[in-house]
Amino acid sequence: QLQLVESGGGLVQAGGSLRLACEASGRAFESYTMGWFRQAPGKEREFVAGISWSGGTTHYSDSVKGRFTISRDNAASTVYLQMNTLKSEDTAVYYCAASPSDIWRPDSLVEDYSYYRDWGQGTLVTVSS
């Protein structure tokens, strides 16, 4: 099991950028598929981005494609989410998640929060317009 700790959230103006980080502790981080989800007030948790164990495959929700980039550093046991051109609708608590799979599954599964076993506590991103 991995313990996940997110950081990097904060207040930013619309059009600005933030980089979130999720540091994992535990064994075999490089064997996990990693994902970022977010939950805005009054809304359900939604998929943002996912990345394979090697970093060679990524997948994004349509709402962030072209603006956000997910990456990972297996040597540092950390996954990142670079967020550019932020919009007010990006305001949410962002969660890091881990699935113990070194095989890339269909996108529909990667987007499903139940696919992930381990979760961080979340970091708040607020975008002011």
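Buried means under 20% relative accessible area. Phe37, at 1%, is therefore buried. The views below come from a predicted model.

**View 1. The whole chain combines one helix with eleven strands.** From the N terminus, the elements run β-β-β-β-β-β-β-β-β-α-β-β. The C-alpha atoms fill a box of roughly 40 × 25 × 25 Å along the principal axes. A compact globule of 129 residues would have a radius of gyration near 14 Å. The chain has 13 Å, which agrees. Of the 129 residues, 46% count as buried. Contacts between residues at least 6 apart in sequence include many long-range ones: 62% join residues at least 24 apart.

**View 2. Four strands form an open sheet in the order E1-E3-E8-E7.** The pairing is antiparallel. Strands of a sheet pair through backbone hydrogen bonds. Strand E1 (3–7) and strand E7 (68–73) stand at the edges. Each has a single partner strand, so one side of each is left without a neighbour in the sheet. Neighbouring strands of this sheet are turned by 15° against each other on average, direction ignored.

**View 3. Strands E7 and E8 pair in the antiparallel sense.** Strand E8 covers residues 78–83. Six bridges join E7 and E8. One bridge can be located by residue: Asp73 has Thr78 in E8 as its partner.

**View 4. Tyr80 lies in strand E8.** Its relative accessibility is 17%, so Tyr80 counts as buried. Leaving out residues up to four places away in sequence, Tyr80 touches Arg19, Leu20, Ala21 and Trp36. Thr69, Ile70, Ser71 and Asp73 are also among the residues that Tyr80 touches. Val110 is 30 residues from Tyr80 along the chain. The C-alpha atoms of Tyr80 and Val110 are separated by 17 Å.

**View 5. Phe37 and Phe47 form one of five aromatic pairs.** A pair of aromatic rings is described by the distance of the centres and the angle of the planes. For Phe37 and Phe47, the centres are 5.6 Å apart and the planes stand at 75°. This pair is edge-to-face. Phe37 belongs to strand E4 (residues 33–39), and Phe47 belongs to strand E5 (residues 46–51). The two residues are ten apart along the chain. Phe37 is buried at 1% relative accessible area. Phe47 counts as buried too, at 8% relative accessibility.

**View 6. Phe37 also pairs with Tyr116.** This pair is edge-to-face, with 5.2 Å centre to centre and 80° between the planes. The pair links distant parts of the chain, 79 residues apart. Phe37 sits in strand E4. Tyr116 sits in the loop between helix H1 (107–110) and strand E10 (118–119). Both Phe37 and Tyr116 are buried.

**View 7. Ring pairs link five residues into a cluster.** The members are Phe37, Phe47, Tyr115, Tyr116 and Trp119.

**View 8. Two arginines place their charged ends over aromatic rings.** The charged end of Arg45 sits over the ring of Tyr95, 4.0 Å from the ring centre. The charged end of Arg72 sits over the ring of Phe29. Here the distance to the ring centre is 4.5 Å.

Conventions: Residues numbered from 1 in each chain as written. Predicted model: local features only at pLDDT ≥ 70, side-chain atom pairs only at ≥ 80, totals over all residues. Heavy atoms only, no water. Pairing = 2+ DSSP bridges. Axes fitted to C-alpha atoms, helices over the stretch in contact; angles between N-to-C directions. Phe/Tyr/Trp six-rings, centres within 6.5 Å; stacked < 30°, edge-to-face > 60°. Buried < 20%, exposed > 50% of the residue type's maximum accessible area, 1.4 Å probe, protein only. Lys NZ or Arg CZ within 6 Å of the ring centre and 35° of its normal. Contact = heavy atoms within 4.5 Å. Rg over C-alpha atoms; globule rule 2.2 N^0.38 Å.
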